Amino acid sequence: MDIFQISGEKPLHGTVQVSGSKNAALPLFAASLLSDQETILENVPDLSDINFMAEILSELGAEISRIDNNTWKIKPTSISFRAPYELVRKMRASVCLLGPLVARLRRAEIPMPGGCVIGHRPIDLHVKALQSLGAEVELSNGVVKVLGRKLRGNTIFLGGRHGSAVTGTANALMLAVLTPGKTILEGCACEPEISDLCKMLIRMGAQIVGIGSHRLTIEGVSKLDGCKHKVIPDRIEAGTYLLAGAITKGEITLEGVETSHLGSFLNLLESIGIHLTKKENQIKIYPPSDRLKPIEAVALPYPGIPTDLQAQICALASLIPGLSVITERVYPSRFMHVPELQRMGAHISIESSSAIIRGTNQLNGAPVMASDLRASAALILAGLAAKGETWVQRIYHLDRGYETFENKLNKLGAEVKRLPESELPNSVSINNN
Ligand code: EPZ
């Protein structure tokens, strides 16, 4: 297992290219199964989660190959309806296979996604969508077994306790496109990743209206073709680099970003005193000319502040004098990063689903442990700003969602070394039990 050694207190400078979006690419890979024809996906990020999905598609029988680092060719001529537990358990997003397999084969057997450190993540809305379109769903021995003998279009409300479900909407969409009749998804997710999925499905021959809204109308068709599709840029990766610039008081230019996907987040940065210049596909952040203001933010479904940037925003707030309040409405207990930031000297208390942060002038390097993808990004940002050395363990979490993170950061002037865990100095090794 690799670790990161970070030497902090270096303002970042320069230009970084934003990669394709992980959370857009994963459902797009699944959607390729809707046709027996060839699909080409471009601008796919080079991540372990993508490799997992490719492995699962290959296990299902699809011919899948990598044309170059960021381009994949998928030919699912004949596929099976049963996905292997060993692979599915590694990645929750494989739940996205349910919709396309039932749509194409009228049958699917996918192991239930397991627990997740970021919070309670049921699939009741996925099941509701499948059943509302006429599928029979059975949850037995840890497997979701679905039969789609009498599928029929229907109107489905997809709002849940914490807003609409993103991959739940993806599953409903991917089933509805090959289900006879009209389907209306009310209160569905409208994340840019869902709009990207709609655009690819239309390229394959699907009939969808209402893209970008909380109401999608789908007219089922009998067959879909393959297509060529370019994955949208990763708005969460982009937001993470902007926060890296802010926390190190640096000057960074993001290229290849879709600025319109970051609206509420950019407003938040500007509201606390950060100076940005914005073009359609470029954002530049400048060192703050004045002290930043404390942050008041609420993580919400799109177009709200993304929950996948909440941890990184907490890292920045830890260094802004005054009292910041960051509330999490999507995963109310998503605060695994807090005890690790406290190890670095942050003053944070958790009150129900809010982090109350009293900013300090300085964080200190320390050995810390990553618990999940976005928590690991937050710890690295804190390490970039901290005095001395920070050692981040379990960075395999990071490799799931950030393409060549340390290379991109080091090109911006950071000092981040990827080392084998054996290099962790005894004096700093954390009790891993
Ligand atoms: C997607 O997860 C993303 N993952 C997550 O990103 C992201 O945090 C999340 O959306 C919210 O934006 C991918 O796209 C692969 P949800 P998803 O179903 O679709 C509740 C990252 O770091 N809910 O929209 O699984 C659920 O408990 C990852 O890249 C139900 O109640 O999230 C949560 O509170 C982490 N019933 C809320 O909805 C359901 O059936 C949002 O979950 C489904 C969800």
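## Aspartate 308 and its surroundings

In this predicted model, aspartate 308 is found in the loop that lies between strand β19 (296–299) and helix α10. Its relative accessible area is 16%, which is under the 20% limit, and aspartate 308 is therefore counted as buried. When its neighbours within four places in sequence are left aside, aspartate 308 is in contact with Asn23, Ile236, Arg334 and Arg374.

One of these contacts, Ile236, belongs to helix α8, which covers residues 235–247. Another, Asn23, falls in helix α1 (22–31).

## Helices α8 and α10

The helix on the far side of that loop, α10 (residues 310–317), packs against α8 at an angle of about 5°, and the axes of the two helices are 10 Å apart. Since angles under 35 degrees count as roughly parallel, α8 and α10 are described as roughly parallel to each other. From α8, the residues Thr240, Leu243, Ala246 and Ile247 take part in this packing, and they meet Gln312, Ile313, Ala315 and Leu316 of α10.

Helix α8 also has a place beside a sheet, for it lies across β2, β16 and β18 and runs at about 170° to β16.

## The sheet beside α8

The sheet in question is open and has four strands, arranged in the order β2-β16-β18-β17, with mixed pairing. Its edge strands are β2 (13–17) and β17 (276–279), each of which pairs on one side only. On average, and with direction ignored, neighbouring strands of this sheet are turned by 10° against each other.

Within the sheet, strand β16 (residues 251–255) pairs with strand β18 (residues 282–285) in the antiparallel sense over four bridges, and glutamate 255 has glutamine 282 of β18 as its bridge partner. On its other side, β18 pairs with β17, again in the antiparallel sense and over four bridges; here threonine 277 has lysine 284 of β18 as its bridge partner. The strands β17 and β18 form a hairpin, with two residues between them. A second helix, α9 (residues 263–271), lies across β17 and β18, and its direction makes about 155° with that of β17.

## A second sheet of four strands

Another open sheet of four strands follows the order β4-β5-β3-β15, and its pairing is likewise mixed. At its edges stand β4 (63–68) and β15 (228–230), each with a single partner strand, so that one side of each is left without a neighbour in the sheet. From one strand to the next, the twist of this sheet averages 20°.

Strand β3 (residues 39–42) and strand β5 (residues 71–75) pair in the antiparallel sense over three bridges, and in β5 the bridge partner of threonine 39 is isoleucine 74. Helix α7 (residues 192–203) packs on this sheet, where it touches β3 and β15, and its direction makes about 160° with that of β15.

## A mostly covered helix

Helix α4 (residues 98–105) is mostly covered, with six of its eight residues buried. The buried residues are Leu98, Gly99, Pro100, Leu101, Val102 and Ala103. What covers them includes both helices and strands, namely α1 (22–31), β6 (107–111), α5 (124–132), β8 (143–147) and α6 (166–176). After α4 comes arginine 106, whose phi is positive, near 60°.

## The chain as a whole

Taken over its full length, the chain has a secondary structure of 14 helices and 25 strands. Its radius of gyration is 22 Å, close to the 22 Å that the globule rule gives for 433 residues, so the chain is as compact as a globular protein of that length. Along the principal axes, its C-alpha atoms fill a box of roughly 65 × 45 × 40 Å.

Of the 433 residues in the chain, 58% are buried. Among the contacts with a separation of 6 or more, 74% are between residues 24 or more positions apart in the chain. The chain exposes about 16,700 Å², and carbon and sulfur atoms supply 49% of that area.

Conventions. Residues are numbered from 1 along each chain as its sequence is written. This is a predicted model: local features need pLDDT of at least 70, side-chain atom pairs count only at pLDDT 80 or more; totals for chains, interfaces and linings use all residues. Side-chain values use heavy atoms; hydrogens and water are left out. Two strands pair if DSSP finds at least two bridges between them. Axes are lines fitted to C-alpha atoms, for helices over the stretch in contact, and angles run from 0 to 180 degrees between N-to-C directions. Contact means heavy atoms within 4.5 Å. The radius of gyration is taken over C-alpha atoms; the globule rule is 2.2 Å times the number of residues to the power 0.38. Buried means under 20% relative accessible area, exposed over 50%, partly exposed in between (1.4 Å probe, protein chains only). Accessible areas come from the Shrake-Rupley method with a 1.4 Å probe; for residues, only the protein chains shown count as cover. Angles under 35 degrees count as roughly parallel, over 145 as roughly antiparallel, 65 to 115 as roughly perpendicular and the rest as oblique.
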